[in-house]
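Reader: I've got the sequence and the model open side by side. Can we go through what the labels rest on?

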Amino acid sequence: MKPTYLHPEATQHLIWFNHPTTLAHWSLPVLEAVVILCALIALWHGWQRRRAGDPTPLAVWASAVAYGVILEIIVYNTVDNFWHAEFTVMLYHNRLPLYIMALYPAVLCPVWSLARGLGLTAAGGLRQALQPALACAFAGQALYAGFDNLGPRLGWWTWDTSHATLQPFWGTVPATSYLWMWTLCLCTPLVARWMLLRPQADGPRPLWWWALRVLGCALAMNVCVVGVQTPVTLVSLAAGQPLLGGALIFGLSAWSAAVCVKQVRHAVPSAEGPWRGPLLWCGWHGGLYVWLLAAQGWNGRADAALAQLLLGLGWVLVAWVLLVRGPLQTGRAAASVTA
């Protein structure tokens, strides 16, 4: 069911501002601030790396934003199976909250940093790059899943639960949402390596070259995600068995999880990545889960709502281990050696 908006006239404007105190739930303006701050942390990290002679993280940040702009414009003109709540700043005829544009670099920049830490380099072929990319697919999925499970519960957005392309639902989340983020975090390291990292190895590039590469990278990411995601959805629709699509998505996630465990076990995390963003992200979402679990109460219950809260909290903990704990431990170890 589409939400009832506070200001229907906002649909006539490309940008609309709402007062934070008028929003439907207290978590909405806080979510905006957290996600935008995570994106700014990633931007600062990219800028610092550029000053140190490595412009790729900053280019990945820009590519993530460009990817989001392209995707959102396409989606809002072709798909009508989900609706965002009204946030403080709304774009594109009241359909796109500003914080959604910050979400892409907030998630994808730590994923890129993890890929580099797992050995993704400009050298070698696709086979050498695929292992870190698969590990990142699971890590990015874990980072996003905590957010994805909370959204419908707290009214951040609403799904059309009867839409054929969203089946099956795992609790309040369509399996295809898991697939989308898995695919995006798989494709981002591969595309960025091909379009941003490998050409950089040949020497410094001018600003206009980077601008073209960023645009090309964003377009290639969109094509790559659609190319990987669509066949799984079509198989499910063609067979008339949504559970088949769900099984395929679960299988892909399990495969990447196994690869991720193997990769991370033998990797040495870098303390230079944008770990402060995932730290803030996991702290915020983990706190919300604890709050919801406390409000729901145990009382010996084992219903689906409680199980989904525990699942979401589990995703947050996995993301913490993969994207926060390792860099923190490396940084502390380096500090103790320096001291």
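Author: Sure, let's start with the strands: strand 3 (residues 89–91) and strand 4 run antiparallel and are joined by 2 bridges. Keep in mind that this is a predicted model.

Reader: What makes strand 3 and strand 4 a pair?

Author: The bridge count. Two strands pair if DSSP finds at least two bridges between them, and here there are 2 bridges, so the pair qualifies. Met90, for instance, has Pro97 in strand 4 as its bridge partner.

Reader: Which strands make up the sheet, and in what order?

Author: The open sheet has 3 strands in the order 1-3-4, with antiparallel pairing.

Reader: Why are strand 1 and strand 4 called edge strands?

Author: Strand 1 (15–17) and strand 4 (96–97) each pair on one side only.

Reader: What about the loop between strand 3 and strand 4, which residue sits there?

Author: Tyr92 does. Its phi is near 55°, a positive value in a residue other than glycine. For background, most residues other than glycine have a negative phi, and most peptide bonds are trans.

Reader: Where is the cis peptide bond, and what is its omega?

Author: From Gln167 to Pro168, with omega near -5°. Pro168 lies in the loop between strand 5 (157–159) and strand 6 (169–170).

Reader: On to helices. Why are helix 1 and helix 8 called roughly antiparallel?

Author: Helix 1 and helix 8 (residues 276–296) pack at an angle of about 165°, their axes 8 Å apart. Angles over 145 degrees count as roughly antiparallel, so helix 1 and helix 8 get that name. The crossing of helix 1 past helix 8 is left-handed.

Reader: Which residues meet there?

Author: From helix 1 come Ser27, Val30, Leu31, Val34, Val35, Leu37, Cys38 and Ile41, and they meet Arg276, Gly277, Leu280, Trp281, Trp284 and His285 of helix 8. By class, that contact has 10 nonpolar, 3 polar and 1 charged residues.

Reader: And how do you know that helix 4 and helix 8 are oblique?

Author: The axes of helix 4 (residues 126–154) and helix 8 cross at roughly 45° and come within 10 Å. Roughly parallel needs an angle under 35 degrees, and roughly perpendicular runs from 65 to 115. The value of roughly 45° fits neither range, so helix 4 and helix 8 are oblique. Helix 4 passes helix 8 in a left-handed crossing, too.

Reader: What does helix 4 bring to the contact with helix 8?

Author: Leu143, Ala145, Gly146, Phe147, Asn149, Leu150, Arg153 and Leu154. Their partners in helix 8 include Trp281, His285 and Trp291. The classes come to 11 nonpolar, 4 polar and 1 charged.

Reader: How do helix 1 and helix 2 pack?

Author: Helix 1 (residues 27–51) and helix 2 (residues 56–78) pack at about 145°, with axes 7 Å apart. The crossing is left-handed. Helix 2 contributes Pro57, Leu58 and Trp61, while the helix 1 side includes Ala39, His45 and Trp47. The contact divides into 7 nonpolar, 2 polar and 2 charged residues.

Reader: Last one: what makes the aromatic residues a cluster?

Author: Ring pairs link them. Rings pair if their centres lie within 6.5 Å, and the whole structure has 19 aromatic pairs. The linked residues are Tyr67, Phe87, Tyr99, Tyr104, Tyr144, Phe147, Trp156, Trp157, Trp180 and Trp281.

Technical notes: Residues are numbered from 1 along each chain as its sequence is written. This is a predicted model: local features need pLDDT of at least 70, side-chain atom pairs count only at pLDDT 80 or more; totals for chains, interfaces and linings use all residues. Side-chain values use heavy atoms; hydrogens and water are left out. Rings of Phe, Tyr and Trp (its six-membered ring) pair if their centres lie within 6.5 Å; planes under 30 degrees apart count as stacked, over 60 as edge-to-face and the rest as tilted. Axes are lines fitted to C-alpha atoms, for helices over the stretch in contact, and angles run from 0 to 180 degrees between N-to-C directions. Helices (H or I, at least four residues) and strands (E, at least two) are DSSP runs, numbered from the N terminus. A crossing is left-handed if the near helix is turned anticlockwise from the far one by less than a right angle, and right-handed if clockwise. Contact means heavy atoms within 4.5 Å. Ala, Val, Leu, Ile, Met, Phe, Trp, Tyr, Cys and Pro count as nonpolar, Asp, Glu, Lys and Arg as charged, and the others, Gly among them, as polar.
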